[in-house]
Amino acid sequence: MNEMATPPVPDIGITAHYPEIGTGPVDTAIYHEPAIYAKEMDAILRRSWYMIGRVEQIARAGDFFTTDLPTFGYEILVCRARDGKVNAFHNVCTHRGNVAEHRSEGHSAGLFTCRFHGWSFDLEGDLKRIRDEEGFFGCDKAKMGLRRIACGVWQGFIFVCPEEEPSQTLEEWLGEQGADTADYPWSQCTQSYQWECEIACNWKLVNDSPAEVHHIPVLHPNSAAPTMMASGNPMGRLLDVRIRGNHRTNSHYSVQAEPKPVQKLAYFHASAAQNVAGGARGYPPGINATRSPFWTVDLIMFFPTLSFTLSAGMYTAHQVWPLGPNRSLYRQRVFVKPAGTAAERFGQENTMVEFRDVVMEDFSTLERIQRALDSGQIREFHYHDHELALRHQHHVVTRILAA
Amino acid sequence: MSMAAPLLPEGFADLERFVPDWVQPDAVTRMATRQASPIAALREFYDAMLPRGEAVLAHLRHHQLGALAGPEENLLRLMLMLAEVAPAVEWYGDPRVYDGFPVERVRYLRQISDSAAQAFAGEPA
Ligand code: FES
Ligand SMILES: [Fe+2]
């Protein structure tokens, strides 16, 4: 047995590093009250930045994709302009409000033509053509382009801000958390799959789901627990929680146990697509911040609604789109390294299926908790020391709403 | 006398009986196939595939995505189905996630192709 086989169990005492956050039970009102949700919309959600895709989706000038910001009801059109810049617009034709581009992705020779009456907009959003223009009563084309939405790129991720005049820049919103995670090889995971589901619960509950692993030995006894929480860590403790402004990161600890038979095939023949320990040399300071040899995964959380589960070989973007005080849309996009051979393709599928099923285990709790909240049957939450990320989220929301 | 085109590469004829039901076009249909199958059928497939997994992957590692012949593509898709079936057999003893959120509520928005070549960083997608 080498030293790696008997690591120290992480200690209690993380919360004590952040005395301003407190240790008492917290009021659950922010998880269900409609009036609080309305305040959150103005004070938190409208003022944040939202990741909507990757620059690789629009590699060449004229490439485009469309998407939405479900929280705000916005339809968005993103394209690569002739000068190489990324442009983002409200995908709303200025004639009568149909989407200017109806396809989900593609390449435009230079014009987006609305499929209602045929108005056309160029890659800068300028209105170029009105069909049967002489029948209109003096439309000023120069003033009728697509409305821009504030847009920025960080590490190849495209972000937009719903505010007309953003109260903080993308860099300000990312803060130290963005700076300290910037040099991870984000662009190497060229392959992704994505799924979504609606969940009848508050957006913060969806955030909470991966934000603590205290539950892993109990909720995931046969799935995640054997590989993530083996011998040394039966209580599911974290290596560390690192708080930076409104953002935070959980570092996960793991001792690799004996994998299940199909996992073993995947690990051996397609290790690149797996969440395995090690390989984290030369990472930026915000990833495996404690530089532990037992590190496997970081959950890098950008307040309010974006987080990344990140390991040496892959990462997953979790996005929660609040739809109301007790309704959310969850979107998960898993990024993996490209497979060259058919054997490696099997490794990707193993990762995808396992991860999806583990999340199904996680999400079993959400609507049950929300019913308890909505019916007034759970008025306080008591957080474990290693549920600090949840306590911090509660602290940040409460602080912003009190301001 | 003409021979039917082989369904699987040479040496894997023992798995051909699984091709009609367990070769599925994508991850969504694999998920649906698992959910719609009794656990006994999932076990029968798993028990036959698992001991052949090493040999199958040793074969597939010599075949590049984007250039798969029909028999190799079928063999890969059997392995992708094995990945979908594995948690049902190894974790739950049931097609469904134990006490889980209903997987029917999951909508796939984007998938990785089963057989197409995959771009590496810096290459056009
Ligand atoms: S709404 Fe677009 S052309 Fe009429
Ligand atoms: Fe979990």
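**Group meeting: an iron site and a two-chain interface**

Okay, let's start with a histidine. His215(A) is buried, at 14% relative accessible area. Before I go on, keep in mind that this is a predicted model.

So what does His215(A) do here? Together with His220(A) and Asp362(A), His215(A) coordinates the iron ion, ligand 2. Both histidines use NE2, the aspartate uses OD, and the distances run from 1.9 to 2.1 Å. His220(A) is buried too, with a relative accessible area of 2%; that counts as buried because the cut-off is under 20%. If you want to find the donors along the chain, the spacing reads H-x4-H-x141-D.

Okay, on to the interface. How many residues of chain A are in contact with chain B? On the chain A side there are 51, and they meet 47 residues of chain B. As a reminder, people often quote interface size as the accessible area lost when the parts come together. For chain A and chain B that comes to about 4400 Å², with 60% of it on carbon and sulfur atoms.

On the polar side, the two chains share eight salt bridges. One of them pairs Arg34(B) with Asp357(A), where the closest N and O atoms are 2.8 Å apart. There are also 25 residue pairs in polar contact between the chains, both partners at pLDDT 80 or more.

Which elements of chain A supply that surface? Strand S12 (191-199), helix H6 (261-269), strand S18 (327-336), helix H7 (342-363) and helix H8 (366-374) each put in at least two residues. H7(A) gives the most, with 16 residues. Sorted by class, the side of chain A that touches chain B has 21 nonpolar, 16 polar and 14 charged residues.

Last bit: backbone geometry, for anyone setting this up for calculations. There's a cis peptide bond between Phe303(A) and Pro304(A), with omega at about 10°. Pro304(A) sits in the loop between strand S15 (295-302) and strand S16 (306-310) of chain A.

Then there are positive phi values in residues other than glycine. Gln155(A) has phi near 55°, and you'll find Gln155(A) in the loop between strands S10 (150-154) and S11 (157-161) of chain A. Gln155(A) is partly exposed, at 30% relative accessible area. Over in chain B, Asp99(B) also has phi near 55°. Asp99(B) lies in the loop from helix H5 (70-92) to strand S1 (107-110), and Asp99(B) is partly exposed, with a relative accessible area of 38%.

That's it from me.

Conventions: Residues are numbered from 1 along each chain as its sequence is written. Chains are lettered from A and ligands numbered from 1 in the order in which they are written. This is a predicted model: local features need pLDDT of at least 70, side-chain atom pairs count only at pLDDT 80 or more; totals for chains, interfaces and linings use all residues. Side-chain values use heavy atoms; hydrogens and water are left out. Donors are N, O and S atoms within 2.8 Å of the metal (3.2 Å for Na, K and Ca); water is not among the atoms, so sites may look incomplete. Buried means under 20% relative accessible area, exposed over 50%, partly exposed in between (1.4 Å probe, protein chains only). Contact means heavy atoms within 4.5 Å. Buried area is the accessible area (1.4 Å probe) that two parts lose on being put together, summed over both. A salt bridge is a side-chain nitrogen of Lys or Arg within 4 Å of a carboxyl oxygen of Asp or Glu. A polar contact is a pair of N or O atoms within 3.5 Å; within protein, one must be able to donate a hydrogen and the other to accept it, and residues adjacent in sequence count only if both atoms are side-chain atoms. Helices (H or I, at least four residues) and strands (E, at least two) are DSSP runs, numbered from the N terminus. Ala, Val, Leu, Ile, Met, Phe, Trp, Tyr, Cys and Pro count as nonpolar, Asp, Glu, Lys and Arg as charged, and the others, Gly among them, as polar.
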